[in-house]
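Here are my notes on this one, in the order I'd go through it on screen. Have the viewer open while you read.

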Amino acid sequence: MKSRQIVRPSFSSQEMADIISYYFARRYFEEPGNSINGKKLFTIKNCIKCHTKGKSNDVMDLNKLRGKLEPITLATKIWGSGFKMFESMRTIQITWPIISEQEMRDLLQYLNSP
């Protein structure tokens, strides 16, 4: 964002509440994810390189959150650490993944499966 001179947006409390409410309500109308596809995506999208136990001391092991991940939880974590993630990925020469809505549902289903 900095290199493109994009200012990080800020939201009022009401705006953030509206955004969260929208995404929370929207989830009730979504197709469920597929954990088998999610497991494949976890590797294909290079999530496995950083987000598994023992890969890095400063990167979250997503397996610790199994069964507890909600879209808003994941979005909040990405928003809060996205720049750090981007820099870490650049260091180990991984490109930022493009993840479709269905792929994200599949990843969440996988990450929440036993």
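1. Start with burial: of the 114 residues in the protein, 22% count as buried. Keep in mind throughout that this is a predicted model. The accessible surface comes to about 8900 Å², and carbon and sulfur atoms account for 58% of that.

2. On the overall build, the protein has four helices and zero strands, so to speak an α-α-α-α pattern when read along the sequence. Its C-alpha atoms fill a box of roughly 40 × 35 × 20 Å along the principal axes. Taking contacts between residues at least 6 apart in sequence, 65% of them join residues at least 24 apart.

3. How do helix 2 and helix 4 cross? Helix 2 covers residues 35-44, and helix 4 covers 101-111. Their axes come within 7 Å and cross at roughly 100 degrees. Angles of 65 to 115 degrees count as roughly perpendicular, and the pair is therefore described that way. On the helix 2 side, the contact is made by Ser35, Asn37, Gly38, Lys39, Leu41 and Phe42. Helix 4 brings Glu103, Asp106, Leu107, Gln109, Tyr110 and Leu111 to that contact.

4. Stay with helix 4 for a moment. Its buried residues are Arg105, Asp106, Leu107, Leu108, Tyr110 and Leu111, and note that Arg105 and Asp106 are on that list. The cover over these buried residues includes helix 2 and helix 3. Asp106, Leu107, Tyr110 and Leu111 also belong to the contact with helix 2.

5. Just past that helix, have a look at Ser113, which sits in the segment after helix 4. Is Ser113 buried or exposed? Its relative accessible area is 16%, and because the cut-off for buried is under 20%, Ser113 counts as buried. Leaving aside residues up to four places away in sequence, Ser113 touches Ser35 and Arg66. Ser35 is also one of the helix 2 residues in the contact with helix 4.

6. Now the surface. Which residues make the nonpolar patch? They are Phe11, Met16, Ile19, Ile20, Tyr22, Tyr23, Ile72 and Trp79, and together they make about 760 Å². Two elements give two or more residues to this patch: helix 1 (13-26) and helix 3 (71-91). Helix 1 gives the most, with five residues. From helix 3, Ile72 is partly exposed at a relative accessible area of 38%.

7. Helix 1 also holds Phe24. Phe24 is exposed, with a relative accessible area of 54%, which puts it past the 50% cut-off. Phe24 and Glu70 are 46 residues apart in sequence, while their C-alpha atoms are 9.4 Å apart in space.

8. Two backbone spots deserve a click, both with positive phi in a residue other than glycine. Asn46, in the loop between helix 2 and helix 3, has phi near 70 degrees and is partly exposed at 25% relative accessibility. Gln93, in the loop between helix 3 and helix 4, has phi near 60 degrees and counts as exposed at 73%.

Methods
Residues numbered from 1 in each chain as written. Predicted model: local features only at pLDDT ≥ 70, side-chain atom pairs only at ≥ 80, totals over all residues. Heavy atoms only, no water. Patch = residues over 30% accessible without salt bridge, like charges linked within 9 Å, V, L, I, M, F, W, Y side chains within 5 Å. Areas by Shrake-Rupley, 256 points an atom, 1.4 Å probe, with all protein chains shown as cover. Salt bridge = Lys/Arg side-chain N within 4 Å of Asp/Glu carboxyl O. Buried < 20%, exposed > 50% of the residue type's maximum accessible area, 1.4 Å probe, protein only. Contact = heavy atoms within 4.5 Å. Axes fitted to C-alpha atoms, helices over the stretch in contact; angles between N-to-C directions. Parallel < 35°, antiparallel > 145°, perpendicular 65-115°, else oblique.
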